[in-house]
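Colleague: Could you take a close look at the salt bridges for me, and then set them against the rest of the fold? I'd like the partners, the distances and the burial in one go.

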Amino acid sequence: MVQCPDRIIASIDTGVDDALALAYLLGSTDECELGGVIASYGNVDANTAYANTCAVLDLFGRADIPVFLGSEHPSWADAFIPDAGCAQFHGDDGLGNTRLAGSGALADGACVPGDDMSGDDMSGDDMSGDDMSGDDMSGDDMSGDDMSGDDMSGDVPDEVVSVGGYLAGDVHAHPALGACSRVNRSRSVGHPQSAMPTALASGGKRRCSVDAADGIEYLIEQVREFGRDVTVLATGPLTDVDAAITRAPDIASKLRLVMMGGTLTQPGNCWDAVAETNIIQDPEAANRVFHSGADITMVGLDVTHQCLLPQSAADRWRATGTKRGRFLADLADFSIKANLEADPALFSGGMPLHDPLAAAVALDSSLVDCFDLALRAETNTGDFNGVRGRTTGDPVGLVNHSMPHVHVALGVDSERFLDEFVERMAEVCR
């Protein structure tokens, strides 16, 4: 049965494929209303995600869609620094170095002290295959003890800093170039917050109001008002959704969530080749959301790696000759090149459409075939724990059939999706 929700609220960490997903939704006005966008940390810091979101909406003539500031760091950390891996696949600005949001998109902040934040960490050697050795994958790196504030060296011993989902001192914590200068540790996601002091808007246009600046509160209000007639689309970490459920537990049973993240049958795309990026950012939040009782569809690497955007699509968009077409083509060109360099065997056919597929599933669930199971996200690495960030079946669900189940997408009609996506994006370019 095809489900066409009347309303979508998006929680995104606006990088390349998030921007493509936004454009796809903007071209789907006959099927949905994009009621608002919550910009959070992940591919970039939250303020950059906010600026990128506003810039994309402005480019497509939708300054009327409200943008809110969401979580600035994971639930397990006090501060967040973007990861070099994300910069590799999304660019320094998150939008394939197109600078759509301008050079002032990055937020100011204090640098986290310590030699591990130095520019030397960003050398090519750090990103080499040598970093992926078995020694680097030891359980000691991600043990529960490693999550304590004592591990943080320098002048902020009481704060825990996430570098792309890893502790600042972890062997896998490679900050994006210059990212430590814009670390944001201003507030907790568990309490009402105003986006106005820190949220940036393109072209000097403020997009969120003082009365509705808090993205978490907005999500709560929308679910309470519309129930499952609104779909929450999460293409970044699940911190926003978790914070909303924590603040308002009553919304869990009313919440319909389509999320991009996780993997069940395929390797992950993080350093350990087990975890998926959105989950490793905040495994604790993901695990709580999986067990919340919400209606969840997980669109993970199992299906997104089957949906590769070819170079011919980017060429078609560029041929429209419009600013929108050039922008979308530039995003695709950047991602196609980055993915091909990372894994020529897997991505010889193009860039994986992670977030756009999740957006399409939010509009048409028949695109994917799902397997329902009790799901969990591992929160520790070590004996009898597993690998932090891995998504796997919860064994308790085998004996307790009342446990909440997640719809995990394992099959996808990739040809139909790709045809519809490329065509719809060509239309929105005009």
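Modeller: Let's fix the term before we use it: a salt bridge here is a side-chain nitrogen of Lys or Arg within 4 Å of a carboxyl oxygen of Asp or Glu. Keep in mind that you're looking at a predicted model. The idea behind the term is simple: side chains of opposite charge can pair when their charged atoms come close.

With that rule, the count is 17 salt bridges. Take E284 and R388, whose side chains meet with N and O 2.7 Å apart. What does this pair tie together? E284 belongs to helix 7 (residues 283-290), while R388 sits in the loop between strand 13 (375-377) and strand 14 (391-393), so the bridge connects parts that are 104 residues apart in sequence. To judge burial you need the cut-off, which is under 20% relative accessible area. E284 has 19% and so counts as buried. R388, at 1%, is buried too.

Now for R424 and E31, which also form a salt bridge, with 2.8 Å between the closest N and O atoms. Here R424 is in helix 12 (residues 414-429) and E31 is in the loop between helix 1 and strand 2 (33-39), so parts 393 residues apart in sequence are tied together. As for exposure, R424 is buried at 16% relative accessible area, whereas E31 has 26% and counts as partly exposed.

Helix 12 also holds a bridge within itself. E420 pairs with R416, the closest N and O atoms being 3.8 Å apart. Both residues lie in helix 12 and are 4 residues apart, which is about one turn of the helix. At 30% relative accessibility E420 is partly exposed, and R416 is partly exposed as well, at 26%. This pair doesn't stand alone: salt bridges with shared partners join D364, D413, R416 and E420 into one network.

So much for the charged pairs; here's what else the model holds. Let's start with the empty space. In general, rolling a probe the size of a water molecule over the atoms shows where empty space is left. The largest pocket comes out at about 1000 Å³. Its lining has 43 residues, and G85, F89, N269, C270 and T277 lie nearest the centre. Among the elements that give two or more residues to that lining are helix 1 (16-26), helix 6 (277-281), helix 10 (323-342) and strand 11 (351-352). Helix 3 (84-90) and helix 11 (354-363) are on that list as well. Helix 3 gives the largest share, 5 residues. If you're thinking about the chemistry of the walls, the lining splits by class into 18 nonpolar, 18 polar and 7 charged residues.

Helix 11 deserves a second look. In helix 11, 10 of the 10 residues are buried, so the helix is largely enclosed by the rest of the structure. The buried residues of helix 11 include H354, D355 and P356 at one end, and V361, A362 and L363 at the other.

Next, the sheet. It's an open one of 3 strands in the order 4-5-6, with mixed pairing. Strand 4 (79-81) and strand 6 (166-167) are the edge strands, each with a single partner, so one side of each is left without a neighbour in the sheet. Strand 5 (residues 161-163) pairs with strand 6 in the antiparallel sense over 2 bridges, and V163 stands opposite Y166 in strand 6.

In the loop between strand 6 and helix 4 (215-226) you'll find H174. H174 is buried, with 6% relative accessible area. A polar atom of the H174 side chain lies 3.4 Å from the backbone oxygen of V171.

Last stop is D45, in the loop between strand 2 and helix 2 (46-59). D45 is buried at 3% relative accessible area. The D45 side chain makes a polar contact of 2.9 Å with the side chain of T48. Along the chain D45 and P82 are 37 residues apart, yet their C-alpha atoms are separated by 6.1 Å.

Technical notes:
Residues are numbered from 1 along each chain as its sequence is written. This is a predicted model: local features need pLDDT of at least 70, side-chain atom pairs count only at pLDDT 80 or more; totals for chains, interfaces and linings use all residues. Side-chain values use heavy atoms; hydrogens and water are left out. On a 1 Å grid over the protein atoms alone, a cavity is a set of points where a 1.4 Å probe fits but cannot get out, and a pocket is an open set with protein on both sides within 12 Å along at least five of seven lines; lining residues have an atom within 4 Å of a point. Grid points are joined across faces, edges and corners, and a volume is the space filled by probe spheres set on the points. Ala, Val, Leu, Ile, Met, Phe, Trp, Tyr, Cys and Pro count as nonpolar, Asp, Glu, Lys and Arg as charged, and the others, Gly among them, as polar. Buried means under 20% relative accessible area, exposed over 50%, partly exposed in between (1.4 Å probe, protein chains only). Two strands pair if DSSP finds at least two bridges between them. A polar contact is a pair of N or O atoms within 3.5 Å; within protein, one must be able to donate a hydrogen and the other to accept it, and residues adjacent in sequence count only if both atoms are side-chain atoms.
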